[in-house]
Amino acid sequence: MANTATIEINGEKHEFPLIEGTEKEVAIDITNLRTATKGVITIDPGYKNTGSCESGVTFLDGEQGILRYRGYSIEELAEKADFLEVAYLLIFGELPTKEQNDKFHEDIKAEAVVDEDVKKIVESFPKSAHPMGVIASLTSALTAFNPSSVNVDSEEDMYRAIVKILGKFPVLVAWTLRKKQGLPLDYGDDSLGYVENILKMMFKKPNKEYTQNKVLVNALDKLLILHADHEQNCSTSTVRIVGSSHAGLFASLSAGISALWGPLHGGANQAVLEMLEAIKNDGGDTKKYMAKAKDKNDPFRLMGFGHRVYKNFDPRARIIKKAADEVLGDLGVQDPILDIAKGLEKEALEDAYFVDRKLYPNVDFYSGIIYRAMGIPTDMFTVMFALGRLPGWIAQWREMRLRKEPIGRPRQIYIGATERKFVPVDER
Ligand code: SDX
């Protein structure tokens, strides 16, 4: 393969180097494009064809439906690892030894206490507040309670900030849920595992002991692993670009949470359940909703379907669909919503509109069914997505800062008014 690309503009040829990654992906390095062509740039709305960085954290192949974290397949990690091991792998690049894993867990537990004054912020929100708005605010507020911005060149400083947010974020997630439910804010129990403690903080009733359910612990651990990273998606790109101005880690994560909130991104898991509920309440008429999804004049989209990168089954959706069957079976839950979801999936996979556009179920299509079976309210689903994605955001932010990436500042093509003179108001 040639190692350069040639672009000809107005008869003038310009050569640009090709770079190739470890998985044989190729990019045209246009770092010098504007200078070499005296001002010509590229434009690519939604960055569908544009790489923002070189990264060693996650590899995915949308055509093959492959997803690997630091080289390990998502299938293996979901089956054999636990969430904190995967968090360590994503952030530090290697699976932890037993000693590193135990220390990581202990250091996170040591940070799993949140300043009591944060409760005043939680209590100031109305019960009607959307949990994503609450958790984004609380994450940003952590900066106020932990003002020393992290020195990324200090491994120790970076490690401290990482265990701090991994310790405190689950507490904030649980407090966000309990505030909505009018329950006292619970601190959990550091004798428990990371995921067990999350479930206890979320669901323990003030007047009785909380009994762990291994099915729920395993299901949540797997869901968090499956959501942990996904290369340069919308929210991760947000975390990177905010961090590229050297804003702090917590502020960057708060921005990422806001980006994840959108229904086209992480908010889709909530939108999927609302869509399935609407179909159920409408007599289960999936064909009507399929027609709406295909109607160009109807803004309705089949939520949980399609993906910017996967033009095959999202490998996470396969694992989550199997887990949904297992969890509902183990819990003895008969959820008509699951049957509607399976019917919708079958119809879409046989429909030319979806097949031609390579629209398959994505990570959000089945996850909400498990969250619902676990007793998590629908408007908390995207908060659970953020809980899973946290280590991926941290890993990508840390990589961007350690590689000393430049501040993100895209160019544009101006299409507004050309120069004109000011007209005083009484002459307009
Ligand atoms: C996540 O990027 C990531 O990695 C994200 C994520 C992660 O882990 O971080 O994987 C998590 O965000 C998953 C996606 C969750 N979103 C949804 O489920 C919302 C529904 N899906 C879509 O809105 C859409 O598929 C996107 C936003 C996910 C992707 O949109 P693209 O890549 O910009 O594709 P597009 O909008 O250009 O659509 C191409 C065609 C269009 O039709 P034509 O103009 O060619 O006729 O496909 C159609 C679209 O109308 N289409 C859909 C559709 N998705 C795309 N039609 C009906 N229903 C849909 N869901």
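## Around the ligand

In this predicted model, H265 puts a polar side-chain atom 2.9 Å from an oxygen atom of the ligand. H307 does something similar with its own side chain, where a polar atom sits 2.6 Å from a ligand oxygen. G304 joins in through its backbone instead: an N or O atom there lies 2.8 Å from an oxygen of the ligand. Taken alone, the ligand would expose 1100 Å², and the protein buries 79% of that.

Step back and you'll find 25 residues surrounding the ligand, with H230, R301, H307, R316 and R389 the closest. Sorted by class, that shell is a mix of 10 nonpolar, seven polar and eight charged residues.

## Helix 17, tucked inside

Helix 17 covers residues 363-373, and nine of its 11 residues are buried, so the rest of the structure largely encloses it. If you want to find them in the viewer, the buried ones are V363, D364, F365, Y366, S367, G368, I369, I370 and Y371. And what does the covering? The cover over these buried residues includes helix 9 (214-226), helix 12 (268-281), helix 14 (315-331), helix 15 (336-349) and helix 18 (381-402).

Both ends are worth a look. At the start of helix 17, N362 reaches a side-chain oxygen to within 2.8 Å of the backbone nitrogen of D364. Just past the other end, G375 takes a positive phi of about 90°.

## Helix 3, another enclosed one

Helix 3 (residues 83-92) is also largely enclosed by the rest of the structure, because eight of its 10 residues are buried. Those eight are F83, L84, V86, A87, Y88, L89, L90 and I91.

Here D82 caps the N-terminal end, with a side-chain oxygen 3.1 Å from the backbone nitrogen of L84. After helix 3 comes G93, and its phi is positive, near 95°.

## The nonpolar core

Which residues touch the most other members of the largest nonpolar core? Among its 120 residues, that goes to Y69, F104, L302 and I369. Helix 7 (residues 155-181) gives the most to this core, supplying 14 residues. I369 ties back to an earlier section, as one of the buried residues of helix 17.

L302 is a good one to click on. Leaving out residues up to four places away in sequence, L302 touches M275, M290, A293, L344, A348 and F354.

Definitions and conventions: Residues are numbered from 1 along each chain as its sequence is written. This is a predicted model: local features need pLDDT of at least 70, side-chain atom pairs count only at pLDDT 80 or more; totals for chains, interfaces and linings use all residues. Side-chain values use heavy atoms; hydrogens and water are left out. A residue is near a molecule or strand if one of its heavy atoms lies within 4 Å of it. A polar contact is a pair of N or O atoms within 3.5 Å; within protein, one must be able to donate a hydrogen and the other to accept it, and residues adjacent in sequence count only if both atoms are side-chain atoms. Accessible areas come from the Shrake-Rupley method with a 1.4 Å probe; for residues, only the protein chains shown count as cover. Ala, Val, Leu, Ile, Met, Phe, Trp, Tyr, Cys and Pro count as nonpolar, Asp, Glu, Lys and Arg as charged, and the others, Gly among them, as polar. Buried means under 20% relative accessible area, exposed over 50%, partly exposed in between (1.4 Å probe, protein chains only). Helices (H or I, at least four residues) and strands (E, at least two) are DSSP runs, numbered from the N terminus. Contact means heavy atoms within 4.5 Å. A nonpolar core is a set of buried Ala, Val, Leu, Ile, Met, Phe, Trp, Tyr and Cys residues joined through side-chain atoms within 4.5 Å.
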